[in-house]
Amino acid sequence: MLAFTAPFNTTGQPAIAVPAALSESGTPIGVQLAAAYGREDLLVCVAAQLEAERPWASLRPPVFPAGATSA
């Protein structure tokens, strides 16, 4: 997991992770976006456009993935 964030943390390059979709089983799928140094404004604009196109705030994954059994 840290392999994807370390280069951006080290260089100070802005990056953002946003929910993009849900899989067929309801598991959230995210995407990480990066921009040029100092372009946080661009990332916020793109994230806002993605949320407007695919609203995710009301989506909730299932407690147990499809096919899983509780203990």
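How many helices and how many strands are there in the protein? There are two helices and two strands, and along the sequence they follow the pattern α-β-β-α. Please keep in mind throughout that this is a predicted model.

Let me begin with confidence. The average pLDDT of the protein is 81, and 83% of the residues score at least 70. Among the elements, helix α1, residues 2–11, has the lowest mean pLDDT, at 76, while helix α2 has the highest, at 92. As a general caution, where pLDDT is low, the predicted coordinates should not be read in detail.

I turn next to the overall figures. The protein has 71 residues, of which 10% count as buried. Its accessible surface comes to about 5600 Å², and carbon and sulfur atoms hold 64% of that area. Of the contacts with a separation of 6 or more, 39% are between residues 24 or more positions apart.

Now to the strands. Strand β1 covers residues 15–22 and strand β2 covers residues 28–34. The two run antiparallel and are joined by seven bridges. Together they form a hairpin, with five residues between the strands. In the turn, G26 has a positive phi of about 95 degrees. Two pairings may help you to find your way on the screen: P19 has G30 as its bridge partner in β2, and V18 stands opposite V31. In general terms, the side chains of a regular strand alternate between the two faces of the sheet.

Please keep P19 in view for a moment. Which residue has its C-alpha atom 9.2 Å from that of P19, although 35 residues separate the two along the chain? That residue is R54, which is located in the segment after α2. R54 counts as exposed, because its relative accessibility is 53% and the cut-off for exposed is over 50%.

Let us move to the loop between α1 and β1, where P14 is found. Is P14 buried or exposed? P14 is buried, because its relative accessibility is 7%, and buried means under 20%. Leaving aside neighbours within four places in sequence, P14 is in contact with a series of residues, among them L33, A34, Y37, R39 and L43. A36 is also one of these contacts; the C-alpha atoms of P14 and A36 are 6.9 Å apart in space, with their positions 22 residues apart in sequence.

R39, which I have just named as a contact of P14, lies in the loop between β2 and α2. From C-alpha to C-alpha, R39 is 8.4 Å from Q13, and the two are 26 residues apart in sequence. The side chain of R39 also meets that of D41 in a salt bridge, at 2.9 Å from N to O. Side chains of opposite charge can pair when their charged atoms come close. How many salt bridges does a search of the whole structure find? The search finds one. Both partners are partly exposed: R39 has a relative accessible area of 36%, and D41 has one of 45%.

My last topic is the surface. V31, L42, V46 and L50 make a nonpolar patch of about 260 Å². Which element gives the most to this patch? Helix α2, residues 40–53, does so, with three residues. V46 lies in that helix and counts as partly exposed, at 31% relative accessibility. V46 is therefore eligible for a patch, since 31% passes the cut-off of over 30% relative accessible area. V31, another member of the patch, is the β2 residue that stands opposite V18.

To close, I would ask you to retain three points. The strands β1 and β2 form an antiparallel pair joined by seven bridges. The loop residue P14 is buried and is in contact with residues that include R39. Finally, α2 has the highest mean pLDDT among the elements and gives the most to the nonpolar patch.

Notes
Residues numbered from 1 in each chain as written. Predicted model: local features only at pLDDT ≥ 70, side-chain atom pairs only at ≥ 80, totals over all residues. Heavy atoms only, no water. Pairing = 2+ DSSP bridges. Helix = DSSP H or I, 4+ residues; strand = E, 2+ residues; numbered from the N terminus. Salt bridge = Lys/Arg side-chain N within 4 Å of Asp/Glu carboxyl O. Buried < 20%, exposed > 50% of the residue type's maximum accessible area, 1.4 Å probe, protein only. Patch = residues over 30% accessible without salt bridge, like charges linked within 9 Å, V, L, I, M, F, W, Y side chains within 5 Å. Areas by Shrake-Rupley, 256 points an atom, 1.4 Å probe, with all protein chains shown as cover. Contact = heavy atoms within 4.5 Å. pLDDT = per-residue confidence, 0-100.
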